[in-house]
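Biologist: I am new to this one and would like the terms explained as we go. Could you show me the structure before I start asking?

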There are 2 protein chains.
Amino acid sequence: VKIAILGVGLIGGSIGLAAKRDAGVRVSGYDPDPEAGERALARGAIDAREETIAEAVKDADVVFAAAPIGWLSTIVIEALDAAGPDCVVSDVGSTKLVLAQLASDERFIGGHPLAGAETAGVAHARADLFAGATWYLTPTQGTSGVLYERLHRLLVSFGAQPTAVAAQLHDRLMACFSHFPHVLANLLVEQGSARAQELSSGERLPAAGPSFRDATRVAGANTAIWRDIYIFNRLALIDEIDGMVERLEGFRELLLDDDGDAQVASDAERIAAWNDRARQQRGALLGAGLAGETGGEPVHELRASVPNQPGVVADIALALGGAGVNILDMALSPSPDNSQGVVALWLRGDTAVGRAQQLIQDLGFPVARA
Amino acid sequence: VKIAILGVGLIGGSIGLAAKRDAGVRVSGYDPDPEAGERALARGAIDAREETIAEAVKDADVVFAAAPIGWLSTIVIEALDAAGPDCVVSDVGSTKLVLAQLASDERFIGGHPLAGAETAGVAHARADLFAGATWYLTPTQGTSGVLYERLHRLLVSFGAQPTAVAAQLHDRLMACFSHFPHVLANLLVEQGSARAQELSSGERLPAAGPSFRDATRVAGANTAIWRDIYIFNRLALIDEIDGMVERLEGFRELLLDDDGDAQVASDAERIAAWNDRARQQRGALLGAGLAGETGGEPVHELRASVPNQPGVVADIALALGGAGVNILDMALSPSPDNSQGVVALWLRGDTAVGRAQQLIQDLGFPVARA
């Protein structure tokens with residue numbers, strides 16, 4: 001097995017280290033910055049440094065493009081041109097829709113590991129960076145099932161939890177739960193800074209409280225990464241902005257609507273209910289990260305018979321991903337005449353298995369426990 | 001010395017414990033809930049539990065009203081009615097302007113210690129709750145200098161750092177750096193919750209990232225406290241809401257303004273600059289909490305001659321507070337004929353002393369190092 005990594009920083013380097021833990025995997029690397037490539041070589045993250053994308057990709061089974069979002073489309077398209085017909089090309093960018101539209105190819109599967117945002121550079125790379133991390137994959141109807149399976153199994157061997165999601169849904173979820181919180185943090189800092197100047201005659205800034213500190217922790221995150229995230233996910237961000245403007249104006253009305261004592265009392269109740277609801281909703285949202293996990297329960301195997309055609313594996317992965325069922329591992333076995341195949345899935349817990357079985361049946365495929 | 005505490009929960013109880021560390025201080029307590037009063041007595045936070053505000057306040061030198069904001073004005077006005085002419089009445093509410101307007105009396109000085117938001121009840125009270133904490137005081141032109149000095153010295157004995165600020169300015173600063181971040185956290189949760197339902201067909205909530213978790217840490221804070229904060233600081237909050245709506249719409253325009261490649265490049269630069277600026281501004285804002293502190297430097301005494309009339313001490317305290325000069329301790333000495341007086345101030349560090357000297361001179365008072 002040969003893996004090519006295009007861009008050997010923190011994520012690319014960690015992919016190399018994770019892949020090399022498994023015996024027999026060769027890792028070639030390319031980086032536009034020769035020094036970065038040499039550091040990755042010295043660090044043992046790659047076995048060979050190549051001078052071009054084409055050379056790195058030659059004979060590769062799996063290619064990872066691990067560059068800032070703004071460069072990804074160029075790199076991925078060049079990699080697809082150079083890669084063989086049986087090579088899967090993926091990337092690790094934080095937005096997925098624009099690239100998915102540009103790189104429409106059965107060999108391309110967008111990816112996004114939720115790991116490693118705080119530091120940069122191959123010096124911080126670790127073989128276990130992805131242990132336990134969700135790794136979003138964005139297959140489409142055109143995606144090769146065989147290549148999806150290969151990528152999925154490789155990510156599982158890294159210790160990651162591959163989760164299929166449509167590219168557009170990925171970008172909207174990320175906008176709401178990551179990108180827009182970054183925007184708000186920046187704007188809150190901007191507002192606090194302006195207010196401090198306005199109110200304290202420039203001599204003394206007020207001591208910012210812990211709520212302000214927490215709310216702005218991610219303000220001004222790494223510009224090289226976040227500038228591109230804001231640009232590439234602008235449409236989903238605009239939805240979040242519009243939603244927040246509407247909510248701010250709704251709360252403003254609630255605050256202002258105070259004519260008459262009775263009305264004030266009723267507003268106080270509405271404000272209290274609004275605040276209580278926020279506490280409950282936050283609990284539900286943050287608890288949700290654990291909803292798919294049922295550690296300690298046994299792993300079961302499901303086997304589904306499927307036609308050997310593009311999109312089938314993507315359909316199954318998307319259905320299970322959408323229902324919160326984690327695929328611990330998967331395997332494809334074609335029938336002798338190649339017209340049919342069996343997809344084997346390993347899942348944890350009876351609930352997950354039952355849910356998956358139902359979803360696969362709903363897709364029209366015979367399925368049973370092994 | 002006798003101190004009366006009206007409302008013996010976490011803050012009231014901690015005031016009692018801190019005051020009782022000093023020998024010779026008697027502490028009487030009143031609470032509308034007799035059981036809370038008994039607990040405070042058992043805890044040693046008060047020496048006597050009284051059945052009415054008037055009884056608790058009788059013969060007191062200092063009164064602290066430590067109740068939820070919605071009850072404070074009733075309690076403070078009743079305390080002022082019952083208290084003697086030489087008794088200072090203060091409170092510990094998180095908003096100051098409404099109460100300051102209602103309780104216009106030379107004996108009333110609004111207060112707000114920045115401590116103890118996470119827990120409630122006298123069970124959590126501690127003598128050192130205020131150690132090192134900023135304790136905002138909101139004197140006015142009508143405030144008695146003698147009573148301000150007494151309150152200031154008492155708070156210093158608690159280990160707190162009294163800082164004078166005008167009530168309106170206090171509320172605007174709190175709105176920006178504490179209350180509005182709470183509103184935003186609630187609204188972000190509300191939006192995330194709605195989006196999760198919309199996008200995940202109700203079966204699986206997406207794993208909320210660490211940026212969302214941090215940005216919403218204070219969502220749904222204690223409703224009994226925060227409902228009143230939102231209501232009593234509504235005008236300042238509306239300014240913050242309007243400011244944020246404008247900033248969100250400004251950023252929206254920046255994201256959308258993408259006709260032509262050259263323009264995109266220039267937007268990317270503007271987005272990058274915006275993000276870099278947020279990082280710098282946050283550093284400046286959070287560093288500011290330390291700006292007034294110059295630990296290790298020697299303490300100096302400044303002595304100012306002032307006319308013995310209301311508002312003078314407030315003027316000095318406000319001028320120094322506004323410039324970030326912390327008054328470590330202060331003392332008033334009236335002249336024999338009571339027409340003049342000397343204000344002694346203890347300050348840390350040459351820079352602070354020089355700054356204070358200049359500010360007091362600017363107010364028209366002769367001042368010198370002792």
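Modeller: Here is a place to start, in what is a predicted model. In chain B, helix 7 meets helix 10: Asp171(B), Arg172(B), Ala175(B), Cys176(B), His179(B), Phe180(B), Val183(B) and Leu184(B) of helix 7 are in contact with Ala236(B), Leu237(B), Asp239(B), Glu240(B), Ile241(B) and Met244(B) of helix 10.

Biologist: What makes these residues a contact?

Modeller: The cut-off is heavy atoms within 4.5 Å. The residues named for helix 7 and helix 10 of chain B meet in that sense.

Biologist: How do the residues of that contact divide into nonpolar, polar and charged?

Modeller: Nine are nonpolar, one is polar and four are charged in the contact of helix 7 with helix 10 of chain B. Asp and Arg count as charged and Ala as nonpolar, so Asp171(B) and Arg172(B) go with the charged residues and Ala175(B) with the nonpolar ones.

Biologist: At what angle do helix 7 and helix 10 of chain B pack, and how far apart are their axes?

Modeller: Helix 7 (residues 167-199) and helix 10 (residues 234-256) of chain B have axes 9 Å apart and an angle of about 65 degrees between them. Their crossing is right-handed.

Biologist: Where does helix 7 of chain B lie with respect to the strands?

Modeller: Helix 7 of chain B lies across strand 6 and strand 7 (134-138) of that chain, and runs at about 140 degrees to strand 7.

Biologist: Why is helix 12 of chain B called oblique to helix 13 of chain B?

Modeller: The axes of helix 12 (residues 312-322) and helix 13 (residues 350-362) of chain B come within 10 Å and cross at roughly 135 degrees. Angles over 145 count as roughly antiparallel and 65 to 115 as roughly perpendicular, with oblique for the rest outside the parallel range. The crossing angle therefore makes helix 12 of chain B oblique to helix 13 of chain B. The crossing of these two helices is right-handed.

Biologist: Which residues meet there, and of what class are they?

Modeller: Ile316(B), Ala319(B) and Leu320(B) of helix 12 of chain B meet Ala356(B), Leu359(B) and Ile360(B) of helix 13 of chain B. By class, the contact of helix 12 with helix 13 of chain B has six nonpolar residues, with no polar and no charged ones. Ala, Leu and Ile count as nonpolar, which is why each of the named residues falls in that class.

Biologist: Let us turn to the sheet of chain A. What makes strand 3 and strand 8 of chain A edge strands?

Modeller: The open sheet of chain A has eight strands in the order 3-2-1-4-5-6-7-8, with mixed pairing. Strand 3 (48-50) and strand 8 (161-164) of chain A each have a single partner strand, so one side of each lacks a neighbour in the sheet. On average, neighbouring strands of this sheet are turned by 25 degrees against each other, direction ignored.

Biologist: How do you know that strand 6 and strand 7 of chain A pair?

Modeller: Pairing needs at least two bridges. Strand 6 (residues 108-113) and strand 7 (residues 134-138) of chain A are joined by four bridges, so they pair, and they run antiparallel. Pro113(A) stands opposite Trp135(A) in strand 7 of chain A.

Biologist: What about strand 5 and strand 6 of chain B: how many bridges join them?

Modeller: Two bridges join strand 5 (residues 88-91) to strand 6 (residues 108-113) of chain B, and these strands run parallel. The cut-off is at least two, so this counts as pairing. Val89(B) stands opposite Phe108(B) in strand 6 of chain B.

Biologist: What relation do chain A and chain B have?

Modeller: A turn of 180 degrees with a shift of 0.0 Å along the axis lays chain A on chain B with an RMSD of 0.1 Å. That is the relation of a two-fold axis. In chain A, the C-alpha of Ala215(A) is nearest the axis, at 2.1 Å.

Biologist: How do you know that the copies meet through the same surface?

Modeller: Of the interface residues of chain A, 100% are also interface residues in chain B, so the copies meet through the same surface.

Key
Residues are numbered from 1 along each chain as its sequence is written. Chains are lettered from A and ligands numbered from 1 in the order in which they are written. This is a predicted model: local features need pLDDT of at least 70, side-chain atom pairs count only at pLDDT 80 or more; totals for chains, interfaces and linings use all residues. Side-chain values use heavy atoms; hydrogens and water are left out. Axes are lines fitted to C-alpha atoms, for helices over the stretch in contact, and angles run from 0 to 180 degrees between N-to-C directions. Angles under 35 degrees count as roughly parallel, over 145 as roughly antiparallel, 65 to 115 as roughly perpendicular and the rest as oblique. A crossing is left-handed if the near helix is turned anticlockwise from the far one by less than a right angle, and right-handed if clockwise. Copies are superposed by least squares on the C-alpha atoms of residues with pLDDT of at least 70 in both.
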